[in-house]
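This briefing introduces a protein model to a reader who is new to structural work. Please keep the structure in view while reading the points.

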Amino acid sequence: MTDTLKDPVCGMDVRPEDGLSLSHDGQTLYFCSQLCMRTFRAHPEHYGGAPAAAADVRARRIAYFSMEVAIDSRMPTYSGGLGVLAGDALRSCADLRIPIVGLSLLYWNGYFDQKLDEWGNQRESPSQWNPSTFARLLPGTVQVLIEGRPVAIRAWQYDIRGCTGYAVPLILLDTRLDENAPEDRDLTSSLYGGDERYRLTQEILLGVGGVRMLRALGYSELERFHLNEGHASLLALELLRETAGADGTQWDFKAVRRQCVFTTHTPVPAGHDQFAYDLVNRLLGESIPSELMRMLGGSERLNMTLLAMNLSQYVNGVAKKHGEVSQAMFPGHAIDSVTNGVHSRFWTCDSFAKLYDRYIAGWVSDPFLLRNAVSIPQDEIWDAHVEAKARLIDEVSKRTHVTLAPDAFTIGFARRATLYKRAHLIFRDAEKLKRIAQTVGPIQIVFAGKAHPKDEPGKDIIRHVFNQARELGADIKIAYLENHDIDLGRLLTSGVDLWLNTPLRPLEASGTSGMKAAHNGVPSFSVRDGWWIEGHIEGVTGWSIGPATAPPSGQDSEDVRDAEDLYHKLESVIAPLYFGDRKRWVEIMRHCIALNASFFNTHRMVQQYATSAYL
Ligand SMILES: *Cc1c(COP(=O)(O)O)cnc(C)c1O
C-alpha cells in the first residue's frame, strides 16, 4: 500500500518506506520518530495497543450490542447480514477511532456448518473452533439470575484493529464455566439455536449480562448504548433497574432514554421478537415489576422492538424506505433512517484493492474517494474483474463438480436461504431462461446460502435449486456452494458479472450483499426494495426488476410479474450489453464503484450514527 499512515502516538503522517516500524499484536505499526516509538513501547495501551488499560477502558463512550458479529470467517459468531453489518460497523469505528466497545455472545458451536447432499438436502453440524486462538479470556465473572438461579458469565476480548492501529474491543460473553449447571454451560453454544426459552435466555445474557460485564470491566464512562436489533432490548431494562434506587421504585426513564439508541431491522410485525409474559416472568423473575414491563413492552406479549423504542431516544431503520415502513408500523415514535453500508477495505477483493491503491490513494481510510473510480482506465477495471472471476471459477471447481466457463455471463445469488429472498425466482420459467442462454450467449449461475435448521421452506428452496441445476445442467451451468460465510461472500460478490437480488417487497429492510458487489465493480439486478431504491439508476449502476412499488397483491402474482420482467431485461438489455458492448458494460462497472461504493459503506454509515445518535 502506498497510503500514508498515521503514527499511533503523535498522529502525524508517516510513510512506511521511512522505516520506523514495530510489530505489535500481529500488526505492523509505523512511527515518525524514535521518540514516538519509545513512547509507544512504554505505554502501548494509551495508543490503541493491547492489553486494554484502565485509561483505555474509561475512554469508551459508546457500547454496541448485537446478538451476532461477523469478524473472521474462522469465528462462527454470525449467521448473515445482521452480523456482517455489526462487524463492518465496528471495523469502521476502529478505522475512524470512534471510542466504542462491542458486546455479543461467544457461541462455542457457532451457527452451524452446512453440508448439502446431491439432492440439496441440508445437513447441519456444530461448527468447530477454538476461541482462545482468536480472543483472550478476561479475568472475573458476573452473574445474572435465570429462573431464580445464578448463572455465571465470563468474557473474552477480541481487538478489532483499524487501519491506523486503533483498536475497538469486542467483548464476547460465555457461560461455559464449571460452576454453572450443565444446562447453563450450553447457553452460549449456538446462535439462533434451541427453543423460545433458549432464545430469551440468550437475550438476558446479552442485555442484562452485557451491561453488568461492562460495569465489572471498568467501562464506567459509557454515555450511549446502541441496540442493534431487538435482541438487545433487555439492556434497556437493566439500565432502568440500575436507576431504581434502594427501594426499587424510582425509575428514571429519561436517563435510560438519553443513553439508548435503537436500530430496527425488521419491516413486518411478524418479524419482531416477542415472548409470552409467562416465559418472561419465569426466566427473569420480578427484578422488573410485571406491570412496568407490560407498560413498556406491550400488554399481550413482550415485544422486544416496542420495548426498545419506548426506552430509546433515537430510533432508526436501515434504509430510507425501511424507515418509512417502520414509521407506519409505529406511528407513535419518531423513526429516522440511516442506510446501511459495508466496510470498504474488507469487502474489496485483492485485484480491485490493488487497483484502488494505485489510482485512489487514501481510499481505505476515506472510501468517499472511491468516486474517483471514474478516472481508472477501463481496461484495468476489466482486468481486475477477470482476475476476480478466475479466482471464483477456481474455487467453484475445487468445491463442486461444476467447471464454470470464464467467458460465460455469470450471475451470483448468495444470502440466507429463506422464502422471501426468492432464490427460485430466476427458475420460474426455466425454458425461457434456457432460450435466452441459447440465443444471446452462455449463462451460468452460482448460488450459496444456509437455511435456518428449522426453516423448512428455506430448505425446500435449496432442493429446488439443485433440481433445476440437474435439469438445466446441459444448457446453463449452475453451482451451489456449501457453507456460505464472509470469505465465500467476498469471492462471490467480486467474482460474478451480475449480482441478482429478488426479495419480496417490502421484506428486504436494506440488504448489503449488493453493496459488496458494487465495491468490486459488479452491477446489481434487483427488485426495488431496501438499499436498491437509493442505489439504483437504471442502466447506470445496474437494473431494476419489477415496478417501483409493490401493489398489495399475493405472492404468486408478484412472482409471475417479477419473473417476466427479469427475463425480459436479461434477454433484451443486460445479456446483449455484456456480450455485445464491453465498453459500455465496463462503464457501468465504474459507476457502481464511483456512485455506490463511495456512499454505501460503513464509514459513511458510522459517521451518520455519530452525528445523529451518538453525539
Ligand atoms: C453480506 C452477507 C449476507 C447478507 O446478504 P443480503 O443480500 O444482504 O441478504 C449474508 N451472509 C453473508 C455470509 C454475507 O457476507
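The points below cover a sheet, empty spaces, a helix and two single residues.

The structure is a predicted model. One of its features is an open sheet of 6 strands with parallel pairing. The model also holds 5 cavities of 30 Å³ or more, and its second largest pocket encloses about 800 Å³ of space.

**The open sheet**

- Strands of a sheet pair through backbone hydrogen bonds, either parallel or antiparallel.
- In this sheet of 6 strands the pairing is parallel, and the strands follow the order β21-β20-β19-β22-β23-β24.
- The edges are formed by β21 (477-481) and β24 (542-545), each of which pairs on one side only.
- Between neighbouring strands of this sheet the turn is 20 degrees on average, with direction ignored.
- The parallel strands β20 and β21 are joined by 5 bridges; glutamine 444 has lysine 477, in β21, as its bridge partner.
- Helix α14 (residues 378-399) lies across β19 (409-414), β20 and β21, and its direction makes an angle of about 75 degrees with β21.

**The largest cavity**

- Rolling a probe the size of a water molecule over the atoms shows where empty space is left.
- Among the 5 cavities of 30 Å³ or more, the largest contains about 70 Å³ of space.
- Its lining consists of 13 residues, and those closest to the centre are Phe413, Arg416, Ala417, Ala423 and Tyr480.
- Two or more lining residues come from each of β20 (443-448) and α16 (456-472).
- By class, the lining of the largest cavity comprises 8 nonpolar, 1 polar and 4 charged residues.

**The second largest pocket**

- The second largest pocket has a volume of about 800 Å³.
- It is lined by 31 residues, and Gln27, Asp95, Arg161, Gly162 and Cys163 lie nearest its centre.
- The elements contributing two or more residues to this lining are β1 (5-6), β4 (27-30), α3 (81-96), β11 (149-161) and α12 (344-347).
- Which element gives the most to the lining of this pocket? That element is β11, with 5 residues.
- The lining of the second largest pocket divides into 14 nonpolar, 8 polar and 9 charged residues.

**Helix α6 and leucine 292**

- Helix α6 (residues 234-242) is mostly covered, as 7 of its 9 residues are buried.
- The buried residues of α6 are Leu234, Leu235, Ala236, Leu237, Glu238, Leu239 and Leu240.
- Leucine 292 belongs to another helix, α9 (residues 290-297).
- Leaving aside neighbours within four places in sequence, leucine 292 is in contact with Leu240, Trp251 and Phe253.
- Is leucine 292 buried or exposed? Its relative accessible area is 9%, and because buried means under 20%, leucine 292 counts as buried.
- Leucine 292 and leucine 370 are 78 residues apart along the chain, and their C-alpha atoms are separated by 50 Å.

**Serine 510**

- Where is the place of serine 510? It is in the loop between β22 (498-501) and α18 (513-519).
- Serine 510 has a relative accessible area of 3%; this value is under the 20% limit, so the residue is classed as buried.
- Not counting residues up to four places away in sequence, serine 510 touches Val318, Ala319, Asn340, Met515, Asp529, Gly530 and Trp531.

Technical notes. Residues are numbered from 1 along each chain as its sequence is written. This is a predicted model: local features need pLDDT of at least 70, side-chain atom pairs count only at pLDDT 80 or more; totals for chains, interfaces and linings use all residues. Side-chain values use heavy atoms; hydrogens and water are left out. Helices (H or I, at least four residues) and strands (E, at least two) are DSSP runs, numbered from the N terminus. Buried means under 20% relative accessible area, exposed over 50%, partly exposed in between (1.4 Å probe, protein chains only). Contact means heavy atoms within 4.5 Å. On a 1 Å grid over the protein atoms alone, a cavity is a set of points where a 1.4 Å probe fits but cannot get out, and a pocket is an open set with protein on both sides within 12 Å along at least five of seven lines; lining residues have an atom within 4 Å of a point. Grid points are joined across faces, edges and corners, and a volume is the space filled by probe spheres set on the points. Ala, Val, Leu, Ile, Met, Phe, Trp, Tyr, Cys and Pro count as nonpolar, Asp, Glu, Lys and Arg as charged, and the others, Gly among them, as polar. Two strands pair if DSSP finds at least two bridges between them. Axes are lines fitted to C-alpha atoms, for helices over the stretch in contact, and angles run from 0 to 180 degrees between N-to-C directions.
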